[in-house]
Amino acid sequence: MPGLSQQRCFQHSLREAVARCPECRRFYCRECVTEHDDRLLCAACIKKLAKVPLTQRNLFVHALRVVQVAFGLVVTIAFFYTVGRQLLAIPSTFHDGSVWRTSGTTER
Ligand SMILES: [Zn+2]
Ligand SMILES: [Zn+2]
């Protein structure tokens with residue numbers, strides 16, 4: 001297998017190749033490759049890949065929205081659950097007013 005230094009750029013036959021595009025397996029010079037997701041890709045492959053992340057991004061945004069709605073729902077349920085628990089924790093004497101009679105006035 002020939003070394004990278006012996007390879008020439010796919011687009012510039014006079015330039016030495018410095019990187020190999022992992023997508024199309026062609027060699028390119030420094031000018032022809034761009035870093036994308038920690039990989040050096042050629043312009044053609046970036047263009048090719050650029051169409052995919054767009055839908056992925058939309059999916060991600062959609063998923064994020066679902067998560068937000070679910071989280072909001074959980075928070076709401078947790079809130080009402082806590083409120084319900086606190087209402088249940090209040091002694092029934094509070095509701096018929098006997099709490100006030102025993103602790104305050106001498107009305108009885
Ligand atoms: Zn490529
Ligand atoms: Zn080049």
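Where is Pro22 found? Select Pro22 in your viewer and follow the chain to either side: this residue sits in the loop between strand E1 (19-20) and strand E2 (27-28). Before going further, keep in mind that you are looking at a predicted model.

**The whole chain**

Zoom out and colour by secondary structure. The protein has three helices and four strands. Follow the sequence from its beginning and the pattern reads β-β-β-β-α-α-α. Of the 108 residues, 10% count as buried. Among contacts between residues at least 6 apart in sequence, 2% join residues at least 24 apart.

**The loop between E1 and E2**

Go back to Pro22. Is Pro22 buried or exposed? Pro22 counts as exposed because there are 11 C-beta neighbours inside 10 Å, and the cut-off for exposed is 12 or fewer. Now add Cys42 to your selection. Pro22 and Cys42 are 20 residues apart along the chain, and their C-alpha atoms are separated by 8.8 Å.

Next, click on Arg25, which also belongs to the loop between E1 and E2. Arg25 is exposed because it has 7 other C-beta atoms within 10 Å. Draw a distance line from the C-alpha atom of Arg25 to that of Leu41: the separation is 9.6 Å, for two residues 16 apart along the chain.

**The hairpin of E3 and E4**

Now select residues 33-36, which form strand E3, and then 39-42, which form strand E4. E3 and E4 run antiparallel and are joined by four bridges. Together they form a hairpin with two residues between them. Pause at Asp37 in the turn, where phi is positive, at about 55°.

Across the pairing, look for Thr34, which stands opposite Leu41 in E4. Which residues does Leu41 touch, leaving aside those up to four places away in sequence? They are Cys21, Glu23, Val33, Thr34, His36 and Ile46.

**The largest nonpolar core**

For the last stop, show side chains for Cys9, Ala17, Ala19, Cys21, Phe27, Tyr28, Cys32, Val33, Leu41, Cys42 and Cys45. These eleven residues make up the largest nonpolar core. E2 and E4 each supply at least two residues of this core. In soluble globular proteins, nonpolar side chains tend to be buried together.

Two residues from earlier stops turn up again here: Leu41 and Cys42 both belong to this core. Keep Leu41 selected and bring back Thr34, its opposite partner, to see the hairpin and the core in one view.

Note on methods:
Residues numbered from 1 in each chain as written. Chains lettered and ligands numbered in written order. Predicted model: local features only at pLDDT ≥ 70, side-chain atom pairs only at ≥ 80, totals over all residues. Buried ≥ 20, exposed ≤ 12 C-beta atoms within 10 Å, placed from the backbone. Core = buried A, V, L, I, M, F, W, Y, C linked by C-beta atoms within 7 Å. Contact = placed C-beta atoms within 7 Å. Pairing = 2+ DSSP bridges.
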